[in-house]
Amino acid sequence: MTKGLFITFEGPDGSGKTTQISRLAKWLEERGFAVVCTREPGGTVAAEKIRDIVLDPELPIKAEAETLLYLAARAEHVEKIIAPALAVGKIVLCDRFSDSTFVYQGITRGMNLEKLRIMNTFATKGLEPDITFLLDGSPELLEARRQKRGVQDRFELEGLAFQQKVRDGFMQLAREEEKRIKVVYALQDLDTVTEAIMSQVEKIICNRL
Ligand code: T5A
């Protein structure tokens, strides 16, 4: 591929993004593709420090400050990790990106979505994913998975009503951008979820070659 491929994974907390990214990365690497796996907030030294702040449930932050921190982390991440990898033809698999800001800070926290989109474009310099997998599932069933895993961050502590708003927010975005955002039901067995994702990625790669 002459131009890289930017794939993002979105969905409620604990929906299986990290697990599916590592499975897809293995599958792509076995086929000879150069893959970069990364996450938001995070991906660079500074952005990982911002991650520690924004996810710390013991540290209260105003919604505006929280939003700016997520966007600052993203600006770092795009400039230093994502854009350079795409420029040399790599496939970037990113655990959360702009859609998380639109859902968590916009739709769920109630910040103005249009303003958020403008600020986000400033942070990303207009970079958008080629395809986004939205791992969707009922908050009650995902809660059981999160509890098994243990530690909870700021948003995971907000309860089921909050997680339902998050789910509805992502589904709203998926309806608005049907072509880019592919909804995958997360509460199937691991292999079925992976196959649904791989078949879409295979199609895109074949169209690009
Ligand atoms: N955020 C982020 C914002 O508010 N604004 C933003 O702009 C951005 C970028 C990130 C938080 O930051 C917020 C949103 C988030 O609340 P995080 O720690 O990265 O925090 O949280 P998550 O993205 O939710 O990551 P998690 O690690 O919590 O969940 P994953 O990655 O979706 O799930 P995963 O793969 O770790 O799986 C969870 C458990 O389920 C099992 C796994 O083995 C694991 O134990 N599992 C399955 N079990 C059975 N069947 C399956 N199909 C399974 N898939 C996974």
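At what angle do helix 4 and helix 5 pack, and how far apart are their axes? In this predicted model, helix 4 (residues 98-108) packs on helix 5 (residues 113-124) at an angle of about 145°, and the axes are 10 Å apart. The crossing of helix 4 past helix 5 is right-handed. On the helix 4 side, the contact is formed by S98, T101, F102, Q105, G106 and I107; helix 5 contributes L113, L116, R117, N120 and T124. By class, these residues comprise four nonpolar, six polar and one charged.

**Surroundings of helix 4**

Because 10 of its 11 residues are buried, helix 4 is largely enclosed by the rest of the structure. The buried residues are S98, D99, S100, T101, F102, V103, Y104, Q105, G106 and T108. They pack against strand 1, helix 3 (63-87), helix 5, strand 4, helix 7 (160-176) and strand 5 (181-185). Just after helix 4, G110 adopts a positive phi of about 90°.

**Helix 1 and helix 8**

A second helix pair is formed by helix 1 and helix 8, whose axes come within 10 Å and cross at roughly 50°. Since angles under 35 degrees count as roughly parallel and those of 65 to 115 as roughly perpendicular, helix 1 and helix 8 are therefore oblique to each other. Helix 1 passes helix 8 in a right-handed crossing. T19, Q20, R23, L24, W27 and L28 of helix 1 meet a set of helix 8 residues that includes L190, V193, I197, V201 and I205. This contact has nine nonpolar, three polar and three charged residues.

The two pairs are set out below.

| Helix pair | Axis angle | Axis distance |
|---|---|---|
| Helix 4 and helix 5 | about 145° | 10 Å apart |
| Helix 1 and helix 8 | roughly 50° | within 10 Å |

**Nonpolar cores**

In soluble globular proteins, nonpolar side chains tend to be buried together. The largest nonpolar core here has 22 residues, of which I7, L24, L28, L93, F133, I197 and V201 touch the most other members. Two or more residues each are supplied by strand 1 (5-10), helix 1 (17-30), strand 3 (91-95), strand 4 (131-136) and helix 8 (190-208). Helix 8 provides the largest share, six residues. Apart from neighbours within four places in sequence, I197 contacts F9, Q20, L24, F133, L135 and V184. A second, separate core has 19 residues, among them I50, Y70, Y104 and F155. Of these, Y104 is also one of the buried residues of helix 4.

Definitions and conventions:
Residues are numbered from 1 along each chain as its sequence is written. This is a predicted model: local features need pLDDT of at least 70, side-chain atom pairs count only at pLDDT 80 or more; totals for chains, interfaces and linings use all residues. Side-chain values use heavy atoms; hydrogens and water are left out. A nonpolar core is a set of buried Ala, Val, Leu, Ile, Met, Phe, Trp, Tyr and Cys residues joined through side-chain atoms within 4.5 Å. Buried means under 20% relative accessible area, exposed over 50%, partly exposed in between (1.4 Å probe, protein chains only). Helices (H or I, at least four residues) and strands (E, at least two) are DSSP runs, numbered from the N terminus. Contact means heavy atoms within 4.5 Å. Axes are lines fitted to C-alpha atoms, for helices over the stretch in contact, and angles run from 0 to 180 degrees between N-to-C directions. A crossing is left-handed if the near helix is turned anticlockwise from the far one by less than a right angle, and right-handed if clockwise. Ala, Val, Leu, Ile, Met, Phe, Trp, Tyr, Cys and Pro count as nonpolar, Asp, Glu, Lys and Arg as charged, and the others, Gly among them, as polar. Angles under 35 degrees count as roughly parallel, over 145 as roughly antiparallel, 65 to 115 as roughly perpendicular and the rest as oblique.
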